[in-house]
2 protein chains.
Amino acid sequence: MSIERVAIIGLGLLGGSLGLAIAERMPKIATAGYDADPNVRLRAAERGLVDRVCDTPAEAASRADLVIFCVPVGAMEAAAIELAAALPTHAIVSDVGSSKQSVAKALAAALPKHTIIPAHPVAGTERSGPDAGFANLFSHRWCILTPPEGVEAQAVATLRQFWESLGALVEIMDPAHHDVVLAVTSHIPHLIAYTIVGTASDLEDVTQGEVIKYSAGGFRDFTRIAASDPVMWRDVFLNNREAVLEVLGRFTEDLSSLQRAIRNGDGDALFDLFTRTRAIRRSIIEQGQDDARPDFGRKDH
Amino acid sequence: MSIERVAIIGLGLLGGSLGLAIAERMPKIATAGYDADPNVRLRAAERGLVDRVCDTPAEAASRADLVIFCVPVGAMEAAAIELAAALPTHAIVSDVGSSKQSVAKALAAALPKHTIIPAHPVAGTERSGPDAGFANLFSHRWCILTPPEGVEAQAVATLRQFWESLGALVEIMDPAHHDVVLAVTSHIPHLIAYTIVGTASDLEDVTQGEVIKYSAGGFRDFTRIAASDPVMWRDVFLNNREAVLEVLGRFTEDLSSLQRAIRNGDGDALFDLFTRTRAIRRSIIEQGQDDARPDFGRKDH
């Protein structure tokens with residue numbers, strides 16, 4: 001099966017980047033897109049995020065070989081119901097959501113007769129909306145597919161090929177395992193970042209102006225991810241609750257033991273942890289998942 | 001009083017950057033440097049981090065108008081004792097340490113007759129050692145001076161002028177207040193980053209390879225600061241214990257209430273916090289303390 005027409009539902013950072021990436025790397029594929037916000041549709045048309053911006057999800061979905069939902073995970077089911085009647089039966093249904101068990105359930109409820117292969121490209125920036133996307137977002141980033149049991153191998157191969165053509169590295173994973181892995185590498189880091197930015201702005205002894213002025217000491221790295229889209233992240237935490245709470249439990253245990261080490265003046269315990277964590281950074285850079293330049297090449301003044 | 005000769009004790013990221021910045025912006029000042037590690041001294045001489053690399057701290061300090069300790073805060077007192085006899089009585093004594101009450105005490109114990117003005121340039125990268133420094137490190141970054149009560153105003157003005165000439169913005173602050181502000185904007189973010197990187201590498205269900213592969217989901221930002229110098233950071237936590245434990249207590253309270261919100265499915269509480277934290281990011285960028293480009297201009301592939 002070959003993909004000739006792709007429908008993209010939701011034209012924010014992910015949906016927009018997807019449209020631009022297809023146009024750049026697979027120009028023969030026709031893209032149609034829809035967003036529930038008329039202003040986003042307008043801007044998507046101006047930027048040419050997809051070949052055709054449609055006024056209804058059904059219009060975007062009709063004749064599609066592949067539909068990809070790029071909306072917050074809590075909005076997937078409603079979005080899928082809206083186009084269910086119009087979507088050709090042969091179409092593959094996928095998404096870009098950050099939790100996979102809940103999405104699989106939501107899409108299966110809305111589109112029980114279609115081939116559903118949830119997907120998660122592990123890529124993003126702190127920006128959101130139709131102006132945020134760019135064609136290289138997925139380049140050299142991992143895209144995790146979580147096909148349900150019994151799905152046709154051919155459809156999985158087609159979707160894998162599609163993401164690889166966009167420059168992504170593809171991995172197949174069990175959805176429950178995905179949800180734990182991403183709780184660690186994405187959800188908990190975001191939760192912690194949101195929390196510390198909130199804590200800092202609520203302190204009585206330290207003004208917000210001071211927090212901002214002296215943010216180069218480390219805090220600013222947290223503000224970047226704490227500037228991510230609030231609706232998207234609210235939905236992630238509500239939809240990956242169990243894995244998030246499990247990993248959070250481990251994190252708070254570890255934090256308590258560091259707290260105790262500081263209280264007791266146990267320098268060796270601190271030094272051991274601080275040494276161990278350097279090696280992971282090195283591997284991330286070696287594998288091309290981050291930039292080795294100090295400050296990632298932040299601007300000098 | 002004018003500064004003609006500066007002694008830099010410790011030639012890692014901060015000391016090396018200081019030497020390079022002086023050479024670039026105040027080339028008339030003569031710099032002499034010392035590091036306890038002979039390999040660092042060798043490399044410092046090769047890179048020309050200071051005009052003269054000395055084999056003893058006393059040699060570097062003799063004839064200095066200003067000595068700046070760029071060693072971990074736990075090593076300040078011993079380093080100061082080593083050069084006490086050689087340091088001219090008119091010399092101003094300062095440092096670049098990340099906690100200020102403990103440093104003030106350590107330097108005063110070692111050099112009771114000198115004018116001591118502790119300082120903290122809030123700038124750095126995750127790198128350390130004599131190859132890490134660069135001349136622009138302090139440019140448009142804040143440098144906080146914490147002069148003790150009763151110190152000569154003229155000496156404070158001289159040190160302020162010195163840092164401003166290096167491109168820094170200077171603020172005068174009470175040392176106890178400094179220690180709380182930096183606990184929030186620097187120490188706790190580092191502690192949290194070290195913790196989550198440790199938690200991630202200890203999970204049984206998720207391999208270290210998976211953590212590295214999918215780090216672009218947010219985790220990689222934490223690994224950068226968790227790659228910072230272990231000795232420096234051990235000393236910071238041991239020397240700013242009270243402020244760190246106080247802010248950490250607030251953070252864990254806030255984290256518990258988010259945990260509860262997730263458990264109870266309270267989307268509104270999550271959304272409210274996630275919206276609030278965006279504004280702080282905006283201010284940090286407006287004030288030039290971070291780079292607005294997505295991913296700070298990380299390399300595309």
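Me: Which hand does the crossing of α11(A) and α11(B) have, left-handed or right-handed?
Reply: The crossing of α11(A) and α11(B) is left-handed, a crossing being left-handed if the near helix is turned anticlockwise from the far one by less than a right angle, and right-handed if clockwise. Keep in mind that this is a predicted model, in which local features need pLDDT of at least 70 and side-chain atom pairs count only at pLDDT 80 or more, while totals for chains, interfaces and linings use all residues. Residues are numbered from 1 along each chain as its sequence is written, and chains are lettered from A and ligands numbered from 1 in the order in which they are written.

Me: At what angle do the axes of α11(A) and α11(B) cross?
Reply: They cross at roughly 165° and come within 11 Å, with helix α11 of chain B spanning residues 241–263 (axes are lines fitted to C-alpha atoms, for helices over the stretch in contact, and angles run from 0 to 180 degrees between N-to-C directions). The two helices are therefore roughly antiparallel to each other (under 35 degrees is roughly parallel, over 145 roughly antiparallel, 65 to 115 roughly perpendicular, the rest oblique).

Me: And which residues of α11(A) meet α11(B)?
Reply: Among them are Leu245(A), Leu248(A), Thr252(A) and Leu255(A), and on the partner helix the residues met include Leu245(B), Leu248(B), Thr252(B) and Leu255(B). The residues of this contact divide into 10 nonpolar, 4 polar and 4 charged (Ala, Val, Leu, Ile, Met, Phe, Trp, Tyr, Cys and Pro are nonpolar, Asp, Glu, Lys and Arg charged, the others, Gly among them, polar).

Me: How many residues of chain A are in contact with chain B?
Reply: On the chain A side 96 residues are in contact with 97 residues of chain B, where contact requires C-beta atoms, placed from the backbone, within 7 Å. The largest share of the chain A side, 19 residues, comes from α7(A), and by class that side has 46 nonpolar, 27 polar and 23 charged residues.

Me: What turn lays chain A on chain B?
Reply: A turn of 180° with a shift of 0.0 Å along the axis lays chain A on chain B with an RMSD of 0.0 Å (least squares on C-alpha atoms of residues with pLDDT of at least 70 in both). That is the relation of a two-fold axis, and the same surface serves both copies, since 100% of the contact residues of chain A recur in chain B.

Me: Back to α7(A): how does it pass α12(B), left-handed or right-handed?
Reply: α7(A) passes α12(B) in a left-handed crossing, the axes coming within 9 Å and crossing at roughly 70°, which makes α7(A) roughly perpendicular to α12(B). Tyr194(A), Val197(A), Gly198(A) and Ser201(A) meet residues of α12(B) that include Leu273(B), Phe274(B) and Ile280(B).

Me: Switching to packing inside chain A, what angle do α4(A) and α5(A) make?
Reply: Helix α4 (residues 76–83) and helix α5 (residues 101–110) of chain A pack at about 25°, with their axes 8 Å apart, and are therefore roughly parallel to each other. α4(A) passes α5(A) in a right-handed crossing, and their contact has 8 nonpolar, no polar and 1 charged residues.

Me: How many helices and strands does chain A have?
Reply: Chain A has 12 helices and 9 strands, taken as DSSP runs numbered from the N terminus (helices H or I, at least four residues; strands E, at least two). The C-alpha atoms of chain A fill a box of roughly 65 × 45 × 35 Å, taken along the principal axes.

Terms used:
Contact = placed C-beta atoms within 7 Å.
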